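Hi,

Here is the structure I promised to pass on. Have a look at it first, and then read my notes underneath.

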Amino acid sequence: MAGEVDKVLGDSVARTIVKLLVVSLIVGFVMAVFGLTPWGIIYGVRNFVLDLWYSGFRALGSIGDYLLAGAIIVIPVFIILRLLSYRR
């Protein structure tokens, strides 16, 4: 049973716990340096999703316009490059 747990964790249980503690300490220190808090990150993600929900669908409507504008440039360039490489 312990061998299966070690296989899942990639190392022994004790070493995995120590590694997680060290990484958590480093990440916590970096977050404190930048003034980030766990609740701030959670609220930021929530606000991002809400902003995307409210304004994102309007932005998705203009994807067709962007696709057409890009295709006007990309497709002729692609055809020219293919014709030039076909001669070789």
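Below is what I found, starting with the whole chain and ending with two residues.

First, a word on what you're looking at: this is a predicted model. The average pLDDT of the protein is 83, and 89% of the residues score at least 70. Confidence isn't even along the chain, though. Helix α1 (residues 2–9) comes out lowest, with a mean of 72, while α2 comes out highest, at 90.

As for the overall fold, there are 4 helices and 0 strands, so to speak a plain α-α-α-α pattern when you read along the sequence. Of the 88 residues, 5% count as buried. The accessible surface is about 8200 Å², and carbon and sulfur atoms account for 75% of that.

Now to α2, which runs over residues 13–33. This helix has 21 residues and spans 30 Å from its first C-alpha to its last, close to the 30 Å expected at 1.5 Å a residue. Just after α2 you'll come to G35, which takes a positive phi of about 75°.

Which residue in α2 did I look at? I picked T16, which has its place in that helix. Is T16 buried or exposed? T16 is buried, because its relative accessible area is 13% and the cut-off for buried is under 20%. If you want to see what surrounds T16, look for L9 and D11: T16 touches both, leaving aside residues up to four places away in sequence. There is also a link to S12, whose backbone oxygen lies 2.8 Å from a polar side-chain atom of T16.

The other residue I looked at is R46, which you'll find in helix α3 (residues 38–61). With a relative accessible area of 44%, R46 is partly exposed, because that value falls between the 20% limit for buried and the 50% limit for exposed. What does the side chain of R46 join up with in a polar contact? The partner is the side chain of N47, and the contact is 3.3 Å.

To put the two side by side: T16 in α2 is buried at 13%, whereas R46 is partly exposed at 44%. If you open the model, those two residues are a handy place to start.

Cheers

Key. Residues are numbered from 1 along each chain as its sequence is written. This is a predicted model: local features need pLDDT of at least 70, side-chain atom pairs count only at pLDDT 80 or more; totals for chains, interfaces and linings use all residues. Side-chain values use heavy atoms; hydrogens and water are left out. Helices (H or I, at least four residues) and strands (E, at least two) are DSSP runs, numbered from the N terminus. Buried means under 20% relative accessible area, exposed over 50%, partly exposed in between (1.4 Å probe, protein chains only). A polar contact is a pair of N or O atoms within 3.5 Å; within protein, one must be able to donate a hydrogen and the other to accept it, and residues adjacent in sequence count only if both atoms are side-chain atoms. Contact means heavy atoms within 4.5 Å. Accessible areas come from the Shrake-Rupley method with a 1.4 Å probe; for residues, only the protein chains shown count as cover. pLDDT is the predictor's confidence in each residue, from 0 to 100. The expected span of a helix is 1.5 Å times one less than its number of residues.
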